[in-house]
Amino acid sequence: MRKTVTFCFALLGIGCLAAAWASTPIGVATAQGAFMVDKARAEGNATVFDGTTLETMKSESAIRLNSGAWLKLGAGSRAKLFAGRLVLERGEGRIERAGRLRIEAQNLLVSLEGASPAAAVSVVKPGSVRVEALAGETSVRTPEGVLVARLAPGTALELQPQAG
């Protein structure tokens with residue numbers, strides 16, 4: 001009986017630790033107006049967790065991740081945020097001070113290189129992605145890691161990725 005109770009408390013402790021780890025904040029999102037966080041309306045600011053879906057309405061939203069990366073979502077954009085990546089579903093995302101953070105858009109992986117890199121990625125229409133290197137080099141790869149393009153600062157490219 002005593003072993004059973006001890007085992008149950010051990011499982012309870014592990015479960016609490018797992019729940020606490022799963023709900024660790026990864027950053028903060030702010031906007032001048034209202035925006036949606038996991039389908040709930042937010043005003044001003046909201047804590048962002050790993051896997052949070054953020055959807056802007058009439059104004060853009062700025063996101064500061066605990067890693068130090070800065071992201072902006074344009075008005076009318078939707079993205080899913082993770083500690084190491086932003087999955088852009090609609091609209092425009094800008095990234096600065098990225099570190100290892102990357103943007104995924106329509107089956108393309110966009111990463112930044114250099115001392116103070118910055119890039120903008122837009123889902124122009126279904127099946128079309130625009131990537132602009134604002135500062136530092138920007139690389140675009142397939143999910144398999146195949147290099148599709150390397151953009152120098154000040155250049156942009158519109159791509160039509162293949163499904164799959």
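This passage walks through a predicted protein model, from its confidence values to its strands and a few individual residues.

The model is a prediction, so local features are reported only at pLDDT of at least 70 and side-chain atom pairs only at pLDDT 80 or more, while totals for chains, interfaces and linings use all residues. Residues are numbered from 1 along each chain as its sequence is written, and side-chain values use heavy atoms, with hydrogens and water left out.

Confidence comes first. The pLDDT is the predictor's confidence in each residue, on a scale from 0 to 100. For this protein the mean pLDDT is 86, and 85% of the residues reach 70 or more. Helices (H or I, at least four residues) and strands (E, at least two) are DSSP runs, numbered from the N terminus. Among these elements, strand 3 has the highest mean pLDDT, 97, and helix 1 (residues 2-22) the lowest, 47. Over residues 8-21 the pLDDT falls below 50, and this stretch has 0 contacts in the model beyond near neighbours in sequence. Here a contact means heavy atoms within 4.5 Å.

The strands can now be put together. Two strands are said to pair if DSSP finds at least two bridges between them. Strand 1 (residues 25-37) pairs with strand 2 (residues 40-49) in the antiparallel sense over 9 bridges, and valine 28 stands opposite threonine 47 of strand 2. These two strands form a hairpin with 2 residues between them. Aspartate 38 lies in the loop of this hairpin, between strand 1 and strand 2, and has a phi near 50°, a positive value in a residue other than glycine. With a relative accessible area of 45%, aspartate 38 is partly exposed. On this scale, buried means under 20% relative accessible area, exposed means over 50%, and partly exposed lies in between (1.4 Å probe, protein chains only).

Strand 1 has further partners. With strand 4 (residues 61-65) it pairs in the antiparallel sense over 5 bridges, and serine 61 in strand 4 is the bridge partner of alanine 31. Strand 1 also pairs with strand 3 (residues 52-56), again antiparallel, over 3 bridges. Within that pairing, methionine 36 is bridged to glutamate 55, and valine 37 to leucine 54.

Strand 3 also runs antiparallel to strand 6, and 4 bridges join the two. In this pairing, threonine 52 stands opposite leucine 81 of strand 6. The side chains of strand 3 alternate: Thr52, Leu54 and Thr56 point to one face and are buried, whereas Thr53 and Glu55 point to the other face and are not.

Serine 77 is placed in the loop between strand 5 and strand 6 (78-81). Is this loop residue buried or exposed? Serine 77 counts as buried because its relative accessibility is 1%. Its side chain reaches the backbone oxygen of glycine 74 at 2.8 Å, and a polar atom of the same side chain lies 2.9 Å from the backbone nitrogen of glutamate 92. Both are polar contacts, meaning a pair of N or O atoms within 3.5 Å; within protein, one must be able to donate a hydrogen and the other to accept it, and residues adjacent in sequence count only if both atoms are side-chain atoms. Leaving aside neighbours within four places in sequence, serine 77 is in contact with Leu54, Glu55, Thr56, Arg90, Gly91 and Glu92.

Leucine 71 lies in strand 5 (residues 70-73) and is buried at 2% relative accessibility. Beyond neighbours within four places in sequence, the contacts of leucine 71 include Ser61, Ile63, Leu81 and Ile95. The C-alpha atoms of leucine 71 and glycine 93 are separated by 6.9 Å, although the two residues are 22 apart along the chain.

Towards the end of this survey come two residues around strand 9 (residues 108-125). Serine 122 lies within that strand and is buried, with a relative accessible area of 16%. Outside its neighbours within four places in sequence, serine 122 is in contact with residues including Leu88, Glu92 and Val129. Glutamine 106 is found in the loop between strand 8 (102-105) and strand 9. Its phi is near 45°, a positive value in a residue other than glycine, and at 29% relative accessible area glutamine 106 is partly exposed.
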